[in-house]
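Here is a walk through a two-chain model, written for someone meeting protein structures early on. Keep the picture open while you read.

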Amino acid sequence: MFELLTQPWPWYIAGPVIGLTVPIVLLIGGKMFGFSSNFRHFVSACGVSKNEFFNYNWRKDGAWNIIFLVGAVLGGFLGGYVFANPNPIALNPVTVEALSNMGIQDFSGFVPTDIFTWSALGTPVGLLVLIVGGFFVGFGARYAGGCTSGHAISGLSDLQIGSLVAVIGFFIGGLIMAHLIYPIILS
Amino acid sequence: MKAKDFILYLLAGTLFGFVLMKAEVVSWFRIQEMFRFESFHMFGVIGGAIVVGMISLQVIKRLNVKDKDGNPIKISPKDSTQMKRYIIGGTFFGLGWALLGACPGPMFVLLGSGLTIMIVPILAGMAGTWAYAALKDKLPH
């Protein structure tokens, strides 16, 4: 049993379980699954903006979303700390070689410690990845009206053409970054 | 919110975070591998999620399934008149997704796994959301 909880799950198990989130939150209280609205709730909760975009009852409208988020943090603790997989991720060796050539050295965890540490925050690469990366995710998610959960999972499940366009956008941006910009950043 | 709803949403989120971790989709490496088309894994996970989501939505719509409190479930379509926002906003999101190697859910799931540095992109994500609101009227939608 412990093995089952520490081992990585194959896509054909993990994918469908993630998909169950859509009916689960609909059946609990008729909510359409999405995650990135939490950023909006947080900015609204901080009370730093007078913009009407943040002028709504985040306690009432955002409650389910924020509680779900707290659960996700807890799930991360259970899955990534309590039942952490002791082995490195079984990546394609081609990817490992390509990233090594770009200067990534540590492949032991979920993220490269070359970039994802407090000390790396002082380096140009760390600043760019952690701050600019996070900023673009927050900006783009709200601009597009949803993120991977709201558009790629919920929206495509509901056959929404807008979500398909958004997901195409996700890949345009992702491909440009992975193939054209990242090699320059890491070199 | 009722205590029952609180617990159910918390459990749903916990399951979501746990599976995201076990599926390794919160990994920066997996995201790079996906955008380099060097593994089927991520596509299988997202595709599998969509198939289950799609079947569930069809069942809920066709059988007029009610939520647990007996209220009708209303699924609002996305606004299909604003295509510019989807393609431009989506491209910004994709740039950030590949750069950070995490989308909003995984940022918080990784934080839960003990990766405290994720607080930085989370705050940056809030700043990005604030910037969108500030620029909203000037951006093409």
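Right after α3(A) comes A:G30, with a positive phi near 70 degrees. The helix before A:G30, α3 (residues 21-29) of chain A, is mostly covered, as seven of its nine residues are buried. "Buried" has a cut-off here: 20 or more other C-beta atoms lie within 10 Å of the residue's own, while 12 or fewer makes a residue exposed and anything in between partly exposed, with C-beta atoms placed from the backbone. The buried ones in α3(A) are A:T21, A:V22, A:P23, A:I24, A:V25, A:L26 and A:I28. Their cover includes α2 (11-19) and α9 (148-157) of chain A, along with α1 and α3 of chain B. Helices are DSSP runs of H or I with at least four residues, strands are runs of E with at least two, and both are numbered from the N terminus.

A quick word on the ground rules. This is a predicted model, in which local features need pLDDT of at least 70 and side-chain atom pairs count only at pLDDT 80 or more, though totals for chains, interfaces and linings use all residues. Residues are numbered from 1 along each chain as its sequence is written, and chains are lettered from A and ligands numbered from 1 in the order in which they are written.

Now for chain B. Its secondary structure comes to six helices and zero strands. Of its 141 residues, 56% count as buried, and its C-alpha atoms fill a box of roughly 45 × 40 × 35 Å along the principal axes.

Two residues of chain B have an unusual backbone angle to look at. Most residues other than glycine have a negative phi. Here are two that go the other way:

| Residue | Phi | Loop of chain B | Exposure |
|---|---|---|---|
| B:F37 | about 55 degrees | between α2 and α3 | partly exposed, 14 other C-beta atoms within 10 Å |
| B:N64 | about 50 degrees | between α3 and α4 | exposed, 8 C-beta neighbours inside 10 Å |

How do the chains meet? The contact takes 101 residues from chain B and 110 residues from chain A, where two residues are in contact if their C-beta atoms, placed from the backbone, lie within 7 Å. On the side of chain B that touches chain A, α4(B) gives the most, with 17 residues. By class, that side has 60 nonpolar, 27 polar and 14 charged residues. Nonpolar means Ala, Val, Leu, Ile, Met, Phe, Trp, Tyr, Cys and Pro, charged means Asp, Glu, Lys and Arg, and the others, Gly among them, are polar.

For a single residue to follow, pick A:F170 in helix α10 (residues 161-186) of chain A. Is A:F170 buried or exposed? A:F170 counts as buried because it has 30 C-beta neighbours inside 10 Å. Leaving aside neighbours within four places in sequence, A:F170 touches A:A152, B:G90, B:F93, B:G94 and B:W97.

Finally, look at one helix pair across the chains. Helix α6 (residues 63-82) of chain A packs against α5(B) at an angle of about 50 degrees, with their axes 6 Å apart. Axes are lines fitted to C-alpha atoms, for helices over the stretch in contact, and angles run from 0 to 180 degrees between N-to-C directions. α6(A) and α5(B) are therefore oblique to each other; angles under 35 degrees count as roughly parallel, over 145 as roughly antiparallel, 65 to 115 as roughly perpendicular and the rest as oblique. Among the residues that meet are A:L69 and A:F77 in α6(A) and B:F108 and B:L111 in α5(B). The residues of this contact divide into nine nonpolar, five polar and no charged.
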